[in-house]
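Got your viewer open? Let's take a walk through this one, selecting a few things at a time.

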Amino acid sequence: MKPFQDILLQTDFSHGDLVTLISAEGDERQLLFQQAQKVKLENIGNKVYFRGLVEFSNVCAKDCLYCGIRKSNENVIRYEATDDEILEACRFAWENRFGSVVLQSGELSSPAFVNRIDALLRKIKQLSNNELGITLSCGEQSLDTYRRWFESGAHRYLLRIESSNPELYRKIHPNNDFHRFDIRLQALDDLRKAGYQVGTGVMIGLPFQTIEDLANDLLFLKQLDVDMVGMGPYIEHEDTPLYEFRHHLKTKQERFDLALKMIASLRLLMPDINIAAATALQAIDPAGREKALTIGANIIMPNLTPTKYRKEYQLYEDKPCLDEDAELCRNCLEARIEISGCEISYGEWGDSKHFRKNKA
Ligand code: SF4
């Protein structure tokens, strides 16, 4: 068996190497975190970029079995922020020099929805003098729609695969044509064709998921050559069908720890991509996002969703910062990031270095 320290110094990793890394405990776990931090500093530096997150609607046509805002959950009050509210949140991001925003919603594909996003993109570009970068996270759409939104100003897109194991994917989604693994893959491919910086991610600690699955997830991200990743611990939601299998779950602390090891291993595997410190980390550990920043992540997403809507955008339980307004959220984050020893970069898009390198 290869010594752990030798694996850490590699630049290429087999499935077995990755299993070893994400299974690390004690001193080896610490060495993994130290090496991931070193690789991050050497490749992308110490800067943290803000993406102001606007969860503008929880209306969704899909029924993913793990998601608190799935179509069949009748305990959720559905909302749609108005255009003015969305633009106001974006203006806040611009005036506070966040550099970028993320527009996120449930998945719809009606012409009205597509047109609305298109118009919003143009207005956000206009109000910010073309300065705000825009990431979209609005689910599976046609290649034409992706192209149209790209032309209107979006340049990054986040579409999480959730699990790269087709069998596990099937277990956590309804078994119908509306929730197909191959369509998800096609959508990721289409995003690349349309010119976006492509982001995806997985849930860590799902019922039925093995360490081998997680190592394969990391290889999947590498093979897809993604530009950015947002991944965090799976947190169960009472109003979902997957809740029934909660007795299969690791403890939340174990899932949190596994998520940190996945982030650190991913940083070794893909040294120059953008990796988000997911909010789900904070739902388990109040300092969860800052911990992720010190072991490989470089992106943070302050929540700019109007406070009155936040309680209704709970994809999982115990989501943090439900009552904080944007100003409070920003102040709190700035203090936290300072403690983690990273430097906030204001007014920059913070594009994935990996993407820029691939394009050059
Ligand atoms: S995960 Fe996304 S697509 Fe699935 S039900 Fe939730 S909001 Fe809709």
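## Stop one: strand 1

Select strand 1 to begin: 10 of its 11 residues are buried, so the rest of the structure largely encloses it. Keep in mind as you look around that this is a predicted model. Strand 1 covers 47-57.

Now bring in the strands that pair with strand 1. Which way does strand 10 run relative to strand 1, parallel or antiparallel? Strand 10 (residues 343-345) runs parallel to strand 1, and 3 bridges join the two. To see the pairing residue by residue, click V48 and look across to I344 in strand 10.

Next, add residues 299-300, which make up strand 9. Strand 9 also pairs with strand 1 in the parallel sense, over 2 bridges. Pick F50 here, and you'll find that I300 is its bridge partner in strand 9.

Then show residues 100-105, which are strand 2. How many bridges join strand 1 to strand 2? There are 6, and these two strands run parallel as well. G52 is a good residue to click, with V101 as its bridge partner in strand 2. Now trace the chain from strand 1 through helix 4 to strand 2: you're following a β-α-β crossover, and it's right-handed.

While the strands are on screen, try showing side chains. In a regular strand, side chains alternate between the two faces of the sheet.

## Stop two: the ligand and K62

Turn on the ligand and select its surroundings: C60, K62, C64, Y66, C67, I69, R70 and G106. By class, that shell has 5 nonpolar, 1 polar and 2 charged residues.

Stay with K62 for a moment. K62 sits in the loop between strand 1 and helix 4 (83-95). Is K62 buried or exposed? With a relative accessibility of 4%, K62 counts as buried, because the cut-off for that is under 20%.

Zoom in on the side chain of K62. A polar contact of 3.1 Å links it to the side chain of E140. A polar atom of the K62 side chain also lies 3.4 Å from the backbone oxygen of F178. Want to see what else is around? Setting aside neighbours within four places in sequence, the contacts of K62 include R70, K71, E107, H179 and R184.

## Stop three: I235

Jump along to I235, in the loop between strand 7 (228-233) and helix 10 (252-269). I235 is buried, at 4% relative accessible area. Show what it touches: leaving out residues up to four places away in sequence, I235 is in contact with K252, R255, A280, A283, I284, Y316 and E317. Then pick the C-alpha atoms of I235 and K319, which are 84 residues apart along the chain, yet separated by 9.3 Å.

## Last stop: two positive phi angles

Most residues other than glycine have a negative phi. Two residues here are worth a click on that score.

Select E162, which has a positive phi of about 70 degrees although it isn't a glycine. You'll find E162 in the loop between strand 4 (156-158) and helix 7 (166-171). E162 is buried, with a relative accessible area of 9%.

Finish at D225, also not a glycine, with a positive phi of about 60 degrees. D225 is in the loop between helix 9 (211-224) and strand 7. How much relative accessible area does D225 have? The value is 28%, so D225 counts as partly exposed.

Note on methods. Residues numbered from 1 in each chain as written. Predicted model: local features only at pLDDT ≥ 70, side-chain atom pairs only at ≥ 80, totals over all residues. Heavy atoms only, no water. Near = heavy atom within 4 Å. Nonpolar A, V, L, I, M, F, W, Y, C, P; charged D, E, K, R; others polar. Helix = DSSP H or I, 4+ residues; strand = E, 2+ residues; numbered from the N terminus. Buried < 20%, exposed > 50% of the residue type's maximum accessible area, 1.4 Å probe, protein only. Polar contact = N/O pair within 3.5 Å; in protein donor to acceptor, adjacent residues only side chain to side chain. Contact = heavy atoms within 4.5 Å. Pairing = 2+ DSSP bridges. Right-handed = clockwise from strand over helix to strand, strands pointing away.
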